[in-house]
Protein chains: 2
Amino acid sequence: MPRTGRRPGNQDTREAILAAARQAFAERGYDKASIRQIATTAGVDPALVHHYFGAKDKLFLTAMEAPIDPGKAIDQVVSGGLAGIGERLVRMFLTVWDSPAGTSAAALVRSAVSHDWSARMLREFITTQILRRVIAKLDLDPTEAPLRASLVASQLMGLIMARYIIKLEPLATAPRETLVATVGPTIQRYLSGPLDQ
Amino acid sequence: MPRTGRRPGNQDTREAILAAARQAFAERGYDKASIRQIATTAGVDPALVHHYFGAKDKLFLTAMEAPIDPGKAIDQVVSGGLAGIGERLVRMFLTVWDSPAGTSAAALVRSAVSHDWSARMLREFITTQILRRVIAKLDLDPTEAPLRASLVASQLMGLIMARYIIKLEPLATAPRETLVATVGPTIQRYLSGPLDQ
């Protein structure tokens with residue numbers, strides 16, 4: 001079979017860059033971490049980091065071993081606007097978690113809960129790769145958007161805990177559409193309802 | 001100071017009983033674990049287990065190192081009936097987690113997420129010590145009650161994850177009453193609202 005796409009590159013160099021990236025994202029957060037500084041820590045040229053991993057968000061996803069790039073899935077969910085977004089978000093979310101990618105994602109969550117640095121990575125991932133995109137695409141009041149987004153995250157994380165980690169019945173084996181119908185309205189209210197009723 | 005209450009008992013014996021209890025609860029679940037079998041595993045008389053730890057639910061709380069006995073707090077919350085229970089449950093829950101007991105509880109959750117056996121213990125704890133009591137005291141349709149209860153648990157676990165473990169802002173530092181006002185209605189709907197709207 002012919003080799004296609006990028007060469008894998010020197011494995012040690014790749015690993016050194018990923019280790020430097022994990023450290024930078026965990027210690028400084030996504031926004032303050034820079035490719036230049038990660039390259040310096042890894043002892044390579046910044047251009048090599050770009051060459052191996054692409055832009056910062058792609059490097060972050062690789063460093064976290066994120067099983068999917070949430071960008072496309074979120075674009076699809078939010079492109080329909082606020083109407084019905086609660087159900088669409090729960091359906092997309094459960095579809096990913098019920099797929100093989102869900103196993104890797106569960107490992108990420110387990111690690112985040114046990115280790116402070118991975119908790120910070122997960123927080124950065126949820127904030128910058130998921131919630132920020134959702135907020136940016138929906139026409140939310142900027143003074144309320146961060147609280148709305150973190151409430152959405154709390155219910156979705158709880159769904160993950162109950163269904164895939166703690167395996168609490170009957171939620172753990174409930175049909176996906178049952179959860180879409182019951183949890184969807186919660187997400188809808190957190191995003192578009194009044195916040196205090 | 002005079003010694004009051006029960007004698008602490010032989011420390012090795014207590015530890016042997018607790019180890020046997022953890023194994024039994026994790027492997028067989030709360031309902032199927034028996035004091036008699038735990039005593040046999042620990043090589044002691046069942047009466048001694050009762051003497052040291054009291055009834056099965058007390059032994060379970062001690063074996064889990066549960067920071068509080070949820071029984072009383074739940075009785076207080078559910079005694080007011082379904083009206084307003086969402087806000088009362090969130091307020092009670094956050095009050096416990098914001099107290100020193102919350103630190104021990106966070107350790108429990110971390111352990112449950114990392115280890116299968118403690119995930120099972122936490123599931124048994126949530127199911128038998130919390131949800132079962134809530135269901136028993138509220139007049140819920142028995143065919144819907146288990147799903148309602150596990151939906152409540154999903155949102156409360158997610159609140160714990162977002163506020164105390166991942167520390168997602170602004171939820172992590174939001175005033176308690178903000179969360180009572182925003183998450184309370186979710187719990188209320190899961191317990192008393194129609195399940196599909």
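UniProt annotations may be inferred rather than shown by experiment, so keep that in mind for the feature that opens this report. In this predicted model, the unreviewed UniProt entry puts a "DNA-binding region" at residues 34-53 of chain A. That span is 80% helix and 0% strand, and its end C-alpha atoms sit 13 Å apart.

Now for the place where chain A meets chain B. Here 43 residues of chain A are in contact with 43 residues of chain B. About 3,400 Å² is buried between the two chains, and carbon and sulfur atoms give 70% of that. Three residues stand out on the chain A side: A:Val113, A:Ile166 and A:Leu168 supply 19% of the area that chain A buries against chain B, more than any other three residues.

What about polar links across this interface? The rule finds twelve residue pairs in polar contact between chain A and chain B, both partners at pLDDT 80 or more, but zero salt bridges.

As for helices, α7 (101-114), α8 (116-137), α9 (145-165) and α10 (176-192) of chain A each bring at least two residues to the side that touches chain B. Of these, α9(A) gives the most, with 13 residues.

Sorted by class, the side of chain A that touches chain B looks like this:

| Class | Chain A residues on the side touching chain B |
|---|---|
| Nonpolar | 26 residues |
| Polar | ten residues |
| Charged | seven residues |

So much for the classes; the seven charged residues on the chain A side go with zero salt bridges across the interface by the rule used.

Methods:
Residues numbered from 1 in each chain as written. Chains lettered and ligands numbered in written order. Predicted model: local features only at pLDDT ≥ 70, side-chain atom pairs only at ≥ 80, totals over all residues. Heavy atoms only, no water. Helix = DSSP H or I, 4+ residues; strand = E, 2+ residues; numbered from the N terminus. Contact = heavy atoms within 4.5 Å. Buried area = accessible area lost by both parts, 1.4 Å probe. Salt bridge = Lys/Arg side-chain N within 4 Å of Asp/Glu carboxyl O. Polar contact = N/O pair within 3.5 Å; in protein donor to acceptor, adjacent residues only side chain to side chain. Nonpolar A, V, L, I, M, F, W, Y, C, P; charged D, E, K, R; others polar.
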